[in-house]
Amino acid sequence: MNEILKAMTERRSTRSYRSEMIPKAILDSIIQAGLYAASGRNFQSPVIIAVTDKTVRDRLSEMNRKIGGWQEGFDPFYNAPAVLVVLADKTKPTYVYDGSLVMGNLMLAAHAMGLGSCWIHRAKEEFDSDEGKELLRSLGIEGDYEGIGHCIIGYPAGELSSAPPRHENRIFFV
């Protein structure tokens, strides 16, 4: 089977990670794959914030936990040491789709590099908040951006699960 198709059928969301950091060269390769995602009219509106600083990572996790309504101490990033935050320029008509394609590329690239990943939601709410907007300003990110998702990445703490069977009646040929 073609390696890309193989990665597409084998990749699963990982929700338990070892704490060891991913080498920068591997993280850079994953980010590069995200930057090459298709985008409407080639606007390339999404941006990626690569978070490997534990203090910032934990701050984002706590913001996400509060939005999700989980108990104190829960980590919605499942101990993943790296978080790739995808934002997209709201002034572009296809920004949500473009950012979603970036997320897909990031997760597939992580799998191809032997890492686990998972799309964590609530980035929209995080970066619509005053705290999120201030964080963006502190990073020098200006513009009308919406949080699309967090791609958490790391070494899986256990075995990856296999894909469950696909549901029937999802294909219609005309």
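This is a short tour of a predicted model, one selection at a time.

Residues are numbered from 1 along each chain as its sequence is written, and side-chain values use heavy atoms, with hydrogens and water left out. As the model is predicted, local features need pLDDT of at least 70 and side-chain atom pairs count only at pLDDT 80 or more, while totals for chains, interfaces and linings use all residues.

**Stop 1: helix 6**

Select residues 130-138, which make up helix 6. Helices here are DSSP runs of H or I with at least four residues, strands are runs of E with at least two, and both are numbered from the N terminus. Which residues of helix 6 are buried? They are Gly132, Leu135 and Leu136. Buried means under 20% relative accessible area, exposed means over 50%, and partly exposed lies in between (1.4 Å probe, protein chains only). These buried residues sit on the same side of helix 6, because they cover an arc of only 100 degrees around the axis. The arc is taken from the directions that run from the helix axis to the C-beta atoms. In general, an α-helix has 3.6 residues a turn, so residues three or four places apart point the same way.

Now show what the buried residues of helix 6 pack against: strand 1 (47-51), helix 3 (54-68), strand 2 (82-89) and helix 5 (123-128). Contact means heavy atoms within 4.5 Å. Turn to the face of helix 6 that points away from its buried side, and you find the exposed residues Asp130, Arg137 and Ser138. After helix 6 comes Gly140, with a positive phi near 80 degrees.

**Stop 2: Val51**

Select Val51, in strand 1. Its relative accessible area is 5%, so Val51 is buried. Leaving aside residues up to four places away in sequence, Val51 touches Val56, Arg57, Leu60, Pro81, Ala82, Val83 and Val85. Then add Gly149: from Val51 to Gly149 is 98 residues in sequence and 13 Å in space, C-alpha to C-alpha.

**Stop 3: Arg65 and the aromatic cluster**

Move to Arg65 in helix 3. Arg65 is buried, at 8% relative accessible area. What does the side chain of Arg65 reach at 2.6 Å? It reaches the backbone oxygen of Trp70. The residues that Arg65 touches, not counting those up to four places away in sequence, include Trp70, Gly73 and Phe74.

Keep Trp70 and Phe74, and add Tyr78: together they form one aromatic cluster. Rings of Phe, Tyr and Trp (its six-membered ring) pair if their centres lie within 6.5 Å; planes under 30 degrees apart count as stacked, over 60 as edge-to-face and the rest as tilted. The structure holds two aromatic pairs. Trp70 and Phe74 are a tilted pair, because their ring centres are 5.1 Å apart and their planes stand at 40 degrees. Phe74 and Tyr78 are edge-to-face, with 6.0 Å from centre to centre and 90 degrees between the planes. Trp70 is partly exposed at 32%, Phe74 at 31% and Tyr78 at 25%.

**Stop 4: two cysteines**

Finally, select Cys118 and Cys151. Why is there no bond between their sulfurs? The sulfur of Cys118 is 8.5 Å from that of Cys151, its closest cysteine sulfur, which is too far. A disulfide is a pair of cysteine sulfur atoms within 2.5 Å, and by this rule the count is zero. Cys118 is buried at 2% relative accessibility, and Cys151 is buried at 0%.

Conventions: A polar contact is a pair of N or O atoms within 3.5 Å; within protein, one must be able to donate a hydrogen and the other to accept it, and residues adjacent in sequence count only if both atoms are side-chain atoms.
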